[in-house]
Amino acid sequence: MLFMTRIAGVALFLFGALVTFERKLPYWGYEVDYGEYHWVIGIAMSCLGVSIVISSFRKRTIEEETGTLICPSCRKPYNKQDLQSTDCPECNVPLEQVEGFYDRHPEDE
Ligand SMILES: [Zn+2]
């Protein structure tokens, strides 16, 4: 899904670039005139395409950076960005992803 969003963003950017430089574009035998301000439309399309691609990457980095880890021993949650390592500072055991933690440890629920 994320991959498709990026492809659409790149396609929109390329199409926008084309409209920026060419006022008239042929479509299967028809010619579409984007008018005097075709470059405004083109630049807007390109910007939209670029922002779609950038936000798709940014979304992923935020998810990776703000992931929460939980200690299987003391049950304390930690933010990934606050940690020096992926071990619990108090118990010295490897921390686990919060996502699915209670599925892996059903006895703690
Ligand atoms: Zn701990």
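Two strands count as paired here when DSSP finds at least two bridges between them. Keep that in mind for the sheets below, and remember that you are looking at a predicted model.

**View 1. The whole chain, from end to end.** Start by getting your bearings: the protein chain has three helices and five strands. Reading from the N terminus, the elements come in the order α-β-β-α-β-β-β-α. The chain is more spread out than a compact globule, because its radius of gyration is 24 Å, well over the 13 Å that the globule rule gives for 109 residues. Along its principal axes, the C-alpha trace covers about 70 × 25 × 15 Å. How many of the residues count as buried? The figure is 6% of the 109 residues. As for contacts between residues at least 6 apart in sequence, 45% of them link residues at least 24 apart.

**View 2. Two domains along one chain.** Here the chain is split into domain 1, residues 2-65, and domain 2, residues 68-108. Their C-alpha centres sit 42 Å from each other. For another way to get a feel for the distances, pick out Lys24 and Asp82: they are 58 residues apart in sequence, and their C-alpha atoms are 54 Å apart in space.

**View 3. The hairpin made by β1 and β2.** Zoom in on residues 24-27, which form β1, and residues 30-33, which form β2. These two strands run antiparallel and are joined by four bridges. One pair to look for is Pro26 with its bridge partner in β2, Glu31. Two residues lie between the strands of this hairpin, and Trp28, in the turn, has a positive phi of about 45°.

**View 4. The three-stranded sheet.** Next comes an open sheet with antiparallel pairing, in the strand order β4-β3-β5. Why do β4 and β5 each have a side without a neighbour in the sheet? They stand at the edges with a single partner strand each, so one side of each is left free of a neighbour there. Strands of a sheet pair through backbone hydrogen bonds, in either a parallel or an antiparallel way. Between β3 and β4 the pairing is antiparallel and runs over three bridges. To find the match-up, go to Thr68 and look across to its bridge partner in β4, Asn79.

**View 5. Arg75, between β3 and β4.** This close-up shows the loop that links β3 (68-70) to β4 (77-79), where Arg75 lies. Arg75 is not a glycine, yet its phi is positive, at about 65°. Is Arg75 buried or exposed? Arg75 has 11 other C-beta atoms within 10 Å, and a residue counts as exposed at 12 or fewer, so Arg75 is exposed.

**View 6. Asp82 and Asn92, between β4 and β5.** The last stop is the loop running from β4 to β5 (96-97), and Asn92 has its place there. The phi of Asn92 is near 60°, a positive value in a residue other than glycine. Asn92 is exposed, with 10 other C-beta atoms within 10 Å. Asp82 is also found in the loop between β4 and β5. Look around Asp82 and you will find 8 C-beta neighbours inside 10 Å, so Asp82 counts as exposed.

How values were computed:
Residues numbered from 1 in each chain as written. Predicted model: local features only at pLDDT ≥ 70, side-chain atom pairs only at ≥ 80, totals over all residues. Domains from an automatic or database assignment. Buried ≥ 20, exposed ≤ 12 C-beta atoms within 10 Å, placed from the backbone. Rg over C-alpha atoms; globule rule 2.2 N^0.38 Å. Contact = placed C-beta atoms within 7 Å.
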